[in-house]
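The paragraphs below walk through a single model, starting with its cysteines and ending at a charged part of the surface.

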Amino acid sequence: PVDDVIFRVTRSHNEAGHCDVAEDGDIIIALSSRLHGYSQSILTTVAHEMIHAVQFIRGDPTTHGAGFLKLARQVCKHHGFDLKGF
């Protein structure tokens, strides 16, 4: 549910985005205001982090391995993102 997702803004110089799970089970997606200047990069990063959210929900490893790549291919194809930069 949408109420279970929290968006935050960071000022990170290292991570464009990050996905984590709070103690109460809410999904937290954080985006860096320092590393995003355009809507397209924000949308791409949110889509990337949403894949990690799906991994959390499924109990899968939250790595960029085969499971991530399978979902990333689908997301990139559907939304027109470049998989190489995803």
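C19 is a buried residue, with a relative accessible area of 8%. The model in which this value was computed is a predicted one. C19 belongs to strand β2, and its C-alpha atom is 6.4 Å from that of A30, although 11 residues separate C19 and A30 along the sequence.

The other cysteine to consider here is C76, which is also buried: its relative accessibility is 5%, and anything under 20% falls in that class. How many disulfides does the structure hold? The count is zero. A disulfide is a covalent bond between the sulfur atoms of two cysteines. For C19, the closest cysteine sulfur is that of C76, at 16 Å, which is too far for a bond. The search from C76 leads back to C19, again with 16 Å between the sulfurs and again too far for a bond. A disulfide needs the two sulfur atoms within 2.5 Å, so C19, with its closest cysteine sulfur 16 Å away, cannot be counted in one.

Strand β2 covers residues 17-21, and D20 is found in it. Is D20 buried or partly exposed? With 36% relative accessibility, D20 is classed as partly exposed, because the buried class ends at 20% and the exposed class begins over 50%. The C-alpha atoms of D20 and H52 are 8.2 Å apart, while the two positions lie 32 residues apart in sequence numbering.

Helix α2 runs over residues 66-79 and includes F68. F68 is buried, at 4% relative accessibility. From F68 to H78 the sequence separation is 10 residues, and the C-alpha atoms are 15 Å apart.

The last stop is the chain start and the charges there. D3 sits in the segment before β1, a strand that spans residues 5-10. D4 is in the segment before β1 too. How accessible are these two residues? D3 has a relative accessible area of 67% and is exposed, whereas D4 has 32% and is partly exposed. The C-alpha atom of D4 lies 9.9 Å from that of V21, a residue 17 positions away along the chain.

Which residues form the negative surface patch? The patch consists of D3, D4, E23 and D24. Membership requires over 30% relative accessible area; D3 meets this with 67%, and D4 meets it with 32%. Patch members also have no salt bridge, and like charges are joined within 9 Å.

How values were computed
Residues are numbered from 1 along each chain as its sequence is written. This is a predicted model: local features need pLDDT of at least 70, side-chain atom pairs count only at pLDDT 80 or more; totals for chains, interfaces and linings use all residues. Side-chain values use heavy atoms; hydrogens and water are left out. Patches are made of residues with over 30% relative accessible area and no salt bridge: like charges are joined within 9 Å, nonpolar side chains (Val, Leu, Ile, Met, Phe, Trp, Tyr) within 5 Å. Accessible areas come from the Shrake-Rupley method with a 1.4 Å probe; for residues, only the protein chains shown count as cover. A salt bridge is a side-chain nitrogen of Lys or Arg within 4 Å of a carboxyl oxygen of Asp or Glu. Lys and Arg count as positive and Asp and Glu as negative; His and the chain ends are not counted. The place of a charge is taken as NZ of Lys, CZ of Arg, CG of Asp or CD of Glu. Helices (H or I, at least four residues) and strands (E, at least two) are DSSP runs, numbered from the N terminus. Buried means under 20% relative accessible area, exposed over 50%, partly exposed in between (1.4 Å probe, protein chains only).
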